[in-house]
Amino acid sequence: MRWSFKIARVAGIDIRVHATFLLLLAGIASYYGVHGGSGGALYALIVTLLVFLCVLLHELGHAVAAKAYGIRTADISLLPIGGVARMERMPEKPGQELVVALAGPLVNVVIAAVLWAVLWSAHRFEPRAWLSPERPNLLVTLLITNVMMLLFNLIPAFPLDGGRVLRALLATRLPYARATQIAATIGQGLAFALGIFAAFNGNLFLVLIAVFIYMGAENESALVQMRFASSGFPVSSAMVTRFDTLDEQATLDEAVDALLGTSQHEFPVLDHNGGIAGLLTKHDLLVGLKRSGPQTRVTDIMVKGLPTLLPQTSLERAFTLLQQLGSQALPVVDHTGRLIGMFTTENVSEFFLVRNALAQPGRTANRV
């Protein structure tokens with residue numbers, strides 16, 4: 001994920017924090033510092049960090065459950081609106097998806113149960129002390145937060161866990177793609193209702209959450225439909241065969257000429273033997289120009305170590321690989337390793353547009 005950086009590695013999973021998360025912490029410290037002094041700011045920061053620790057444990061619950069089915073989690077990113085576990089794929093067997101989807105909320109249940117037990121043990125004879133406004137209790141705050149996190153994530157809408165639970169249950173009786181479409185439609189309906197409610201109440205944060213849920217449901221449905229539609233087609237049916245390349249000795253200035261002279265956004269970089277040295281993307285090119293200048297070598301900023309595809313690789317497998325890597329393109333090589341094509345998300349979209357157009361029944365103009 002762009003604008004995120006690694007802070008730890010747990011059980012083989014990179015834990016990353018998005019830059020906007022730091023802005024959230026700064027905003028919280030500033031607000032509570034003004035209203036409660038340094039003590040208030042410190043308390044608010046501790047609460048926020050502990051809440052996001054619960055979010056991290058929630059996502060690790062998903063990752064551990066997925067690992068039991070042989071599904072690797074590349075990383076977990078913490079954002080101001082929650083956490084995102086980037087898995088290789090979601091299991092398509094309904095029972096497995098149900099377990100993976102429920103594993104995160106189950107972590108919140110365990111955390112809430114432990115906090116409740118500790119609070120009951122400490123205040124069993126004075127339960128009013130749990131909610132004393134004069135003495136805000138950190139454990140109570142975390143207990144309430146985990147209960148709210150549990151209830152929110154069980155809303156039956158993608159990309160929340162409840163949406164995946166709903167799909168898994170529907171998929172026990174319906175085809176996977178149809179189950180996804182129904183679950184996504186329900187999720188979009190709930191997001192629309194939430195957005196209307198939030199707008200009338202002037203709650204901007206809820207409006208943003210509603211937009212996030214609506215788009216997540218739409219993306220999930222589109223991705224699943226695309227994957228199933230690509231079944232049976234090889235990479236060679238959708239790859240780009242006319243493209244420009246860059247030499248590993250080229251500078252960013254030369255890369256700019258190639259960018260402006262073509263419609264490409266990704267450029268394969270070749271070594272002196274004609275092999276794949278890396279991939280230069282439009283985004284990295286612009287960032288490199290700003291940071292290092294036009295005389296910088298493309299090899300200094302290109303993406304290295306990307307896997308290659310064979311022309312006979314299934315389109316579904318290649319598309320899944322793009323998702324896993326978060327890449328916009330992958331090189332296609334023949335059995336000798338020679339570059340023969342580029343597999344890009346843009347060309348995949350165009351491939352499906354053509355397929356859909358061919359699938360439409362012919363129309364005959366009405367004559368007057």
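1. Helices and strands here are DSSP runs, numbered from the N terminus. On that basis the protein chain has 10 helices and 9 strands. The model is predicted, and every value below is computed from it.

2. Overall figures come next. The protein chain holds 368 residues, and 42% of them are buried. Take the contacts with a separation of 6 or more: 59% of these link residues 24 or more positions apart. The accessible surface of the chain is about 20,700 Å². Carbon and sulfur atoms account for 62% of that surface.

3. One sheet deserves a look. It is open, has 4 strands, and follows the order β1-β2-β3-β4. Its pairing is mixed. The edge positions belong to β1 (4–10) and β4. Each of these has a single partner strand, so one side of each lacks a neighbour in the sheet. On average, neighbouring strands of this sheet are turned by 25° against each other, direction ignored.

4. How many residues of strand β3 (residues 73–79) are buried? The count is 7 of 7, so "mostly covered" fits this strand, with buried meaning under 20% relative accessible area.

5. The β2–β3 pairing is parallel. Strand β2 (residues 13–18) meets β3 over 4 bridges in that sense. I15 has I76 of β3 as its bridge partner. D14 is likewise bridged to β3, with D75 as the partner.

6. The β3–β4 pairing is antiparallel. Here 6 bridges join β3 to strand β4 (residues 82–87). D75 has R86 of β4 as its bridge partner. D75 is also the β3 partner of D14. The connection between β3 and β4 is a hairpin through 2 residues. As background, strands of a sheet pair through backbone hydrogen bonds, either parallel or antiparallel.

7. Now the surface. A nonpolar patch of about 650 Å² is made by F192, I196, F200, V211, Y214 and M215. Two elements give two or more residues each to the nonpolar patch: α5 (176–200) and α6 (204–229).

8. V211 is one of the patch residues, and it lies in helix α6. Is V211 buried, partly exposed or exposed? V211 has 41% relative accessibility. Partly exposed covers the range between under 20% (buried) and over 50% (exposed), so V211 counts as partly exposed.

9. To sum up, two sites stand out for inspection in the viewer. One is β3, with 7 of its 7 residues buried. The other is the nonpolar patch of about 650 Å², to which α5 and α6 each give two or more residues.

Notes: Residues numbered from 1 in each chain as written. Predicted model: local features only at pLDDT ≥ 70, side-chain atom pairs only at ≥ 80, totals over all residues. Heavy atoms only, no water. Buried < 20%, exposed > 50% of the residue type's maximum accessible area, 1.4 Å probe, protein only. Contact = heavy atoms within 4.5 Å. Areas by Shrake-Rupley, 256 points an atom, 1.4 Å probe, with all protein chains shown as cover. Patch = residues over 30% accessible without salt bridge, like charges linked within 9 Å, V, L, I, M, F, W, Y side chains within 5 Å. Salt bridge = Lys/Arg side-chain N within 4 Å of Asp/Glu carboxyl O. Pairing = 2+ DSSP bridges. Axes fitted to C-alpha atoms, helices over the stretch in contact; angles between N-to-C directions.
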